[in-house]
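User: I would like to know how the terms used for a protein model are justified. Please set each value against its cut-off.

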Amino acid sequence: MRREALYSYAMTRLFYAVGALAMCSLAAVTIAQSKPRARDLGVVPGVHAPGPLNAITDVEGVRVGHTTLIEGDRVRTGVTAIVPHGGNVFQDKVAGAVFVGNAFGKLAGSTQVNELGMIETPVVLTNTLSVGTAMDAVVRYTLGQPGNEQVRSVNALVGETNDGGLNDIRGLHVTREHVIDAIRNAKTGPVAEGTLGAGTGTVCYGWKGGIGTSSRRLALRPFDGLRAQGEREYTVGVLAQTNFGGNLTIGGVPIYKMLQPPSRRSASFARPGLLDSPFTPSPEPVEGSKGERPAQGDGRASADGSCMLVVATDAPLDARDLGRLAARAVFGLARTGSSYSNGSGDFAIAFSTSPEMRSRFNDMTPRARTILPTDATSPLFEAALEATEEAVYNSLFQATTVRSANGTAEAIPVDRVRELLRK
C-alpha cells in the first residue's frame, strides 16, 4: 500500500508539473503572438501592398532560419540565415549586389559579389566577432552539399552588427554548429521577428531592436516604346538586423521628442535647448527601468551601431540594378530617423531569385536572358524603401526587453506608441 501511495503521489505531482509547464508554454506563445507588427498599429508605410506574409519569404523560394543563444546572464546573441532558394545555391548562383552606406562594419565576401554580380551561398548574419566562425561554417556547409565534391573556392557572404552592449561578445559563443543549424533549419512561410537569431542582442534607437521583415507586391506593365506588353507581378522583400541609432520617427511622427528609452535620457542626449524647447515635449520615462544599467555597446555614441539589410526580389534584375535596389534599402532607414553616424555600419545585400538571372557553376554556354529594363525599376525602388521602413518598425515592435550582466535594453512600450501615433 505504501508503494502504491507513493506512486500515486508521484504521478499526481508529475501531472501538475506537466500542466504547469504546458500553461507556461501557452502563456509564452500567447505573449509572443500578442506582440503587434506595424500594421496592427495602423502604421502602413508607402503606397504598395505587402505580400501575403508581409515578409521576405513572400519572394518565392526564399527561406529564413534562426539560431538563438541565451545562456546564463551574459550570452545574448545568435545567427540568422537567409537562403535564396531551395536548391544548391553554389551550383545555381543568384544575381546579387552589395551597397555600402557606411563601411564601419564587416561584410565578408562583399568584394567578390560586387565584382562578379553573383551570390553563391546562403547569406548569414551574426555578431561582429563571430564573422570568422560563420565564414568557416558557410564554407564547410557548401563543401558538404551533394554535387560540390570538386569545389575548391567558396565565397561565403556574412554580415554583422555589434551586440556587445547586451552580449558577452568577447566570449565567442557562436559556434560552427550554430551557423549550420540556422541554414539547415531555414524555411519558407512566416518569419519570426524581434529578439531572436542575429537580433538577440541588438539595440535600435536605444530600444531593444532585433530582426524585422516586410514585403511589397506590385504589378508592372512594361512598354516596348509603343504599347504595353502585359502586366507582370513582382515581389520585393526586406529583412533587417537593426542595431543602429538616431531619432526614432514612425510614420512621420517624431516619437523621439515624446518618448525616450532610459539610455537616451542622459546628458549625452539632452543637448542644450532640446528638451527645454516649448516645441519639444520632454521624453517620458519607461516604467520598471529604475536602477538598471542601459546597454552601452562598445563605448561608441548612442547613434552608432550598425544595420544589415537583405533585399530579395523575383524581378529579373541584373547586378547593376540590384545594387541600385540595395541602395534604396539603406536610404529607407532615413524614413525611420537614422542618423547614419560615423560608427554605424550600414549595408544592404540584394539578390534576384529569377531563373533568368541564375548562373550555373562552370557554365560557359552563351544564352539569351530576359532582363527588366532600367526604365521599369522605379516601382521596385519605391517598394524597397517602403519595405525597409516597415521592417525596422517590426523589429522594434516585436522585440522583448533583454537584461544581462552587461546591461538592459527595454522593449519599446507599444501601447504608448499607439497613443502618440493617434495624436
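User: Why is F244 called buried or exposed?

Analyst: F244 has a relative accessible area of 1%. Buried means under 20% relative accessible area, exposed over 50%, and partly exposed in between, with a 1.4 Å probe and protein chains only. The value of 1% is under the cut-off, so F244 is buried. The model is predicted, so local features need pLDDT of at least 70 and side-chain atom pairs count only at pLDDT 80 or more, while totals for chains, interfaces and linings use all residues. Residues are numbered from 1 along each chain as its sequence is written, and side-chain values use heavy atoms, with hydrogens and water left out.

User: What makes Y205 and F244 an edge-to-face pair?

Analyst: Rings of Phe, Tyr and Trp (its six-membered ring) pair if their centres lie within 6.5 Å; planes under 30 degrees apart count as stacked, over 60 as edge-to-face and the rest as tilted. The ring centres of Y205 and F244 are 5.0 Å apart and the planes stand at 70°, so the pair is edge-to-face. By this rule there are three aromatic pairs. Y205 is also buried, with a relative accessible area of 1%.

User: How do you know that this pair links distant parts of the chain?

Analyst: Y205 lies in the loop between β7 (203-204) and β8 (207-208), F244 in the loop between β10 and β11, and the two are 39 residues apart. Helices (H or I, at least four residues) and strands (E, at least two) are DSSP runs, numbered from the N terminus.

User: Why is G171 called partly exposed, and S130 buried?

Analyst: G171 has a relative accessible area of 32%, which falls between the two cut-offs, so the term is partly exposed. S130 has 1%, so S130 is buried. G171 is in the loop between β6 (157-161) and α4 (176-184), and S130 is in the loop between β5 (123-127) and α3 (131-143). Their C-alpha atoms are 9.8 Å apart, with the two positions 41 residues apart in sequence numbering.

User: What does S354 touch, and why is S354 called buried?

Analyst: Contact means heavy atoms within 4.5 Å. Not counting residues up to four places away in sequence, S354 touches T313, D314, A315 and P316. Its relative accessible area is 6%, so S354 is buried.

User: What makes a set of residues a nonpolar core, and how many residues has the largest?

Analyst: A nonpolar core is a set of buried Ala, Val, Leu, Ile, Met, Phe, Trp, Tyr and Cys residues joined through side-chain atoms within 4.5 Å. The largest has 50 residues, and L309, L380 and F397 have the most contacts inside it. Its largest share, ten residues, comes from α6. Leaving aside neighbours within four places in sequence, L380 is in contact with residues including L218, Y234 and L372.

User: Which residues make the contact of α5 with α6, and how are they classed?

Analyst: Among them are L325 and F331 of α5 and L380 and F381 of α6. Ala, Val, Leu, Ile, Met, Phe, Trp, Tyr, Cys and Pro count as nonpolar, Asp, Glu, Lys and Arg as charged, and the others, Gly among them, as polar. By that rule the contact has seven nonpolar, two polar and four charged residues.
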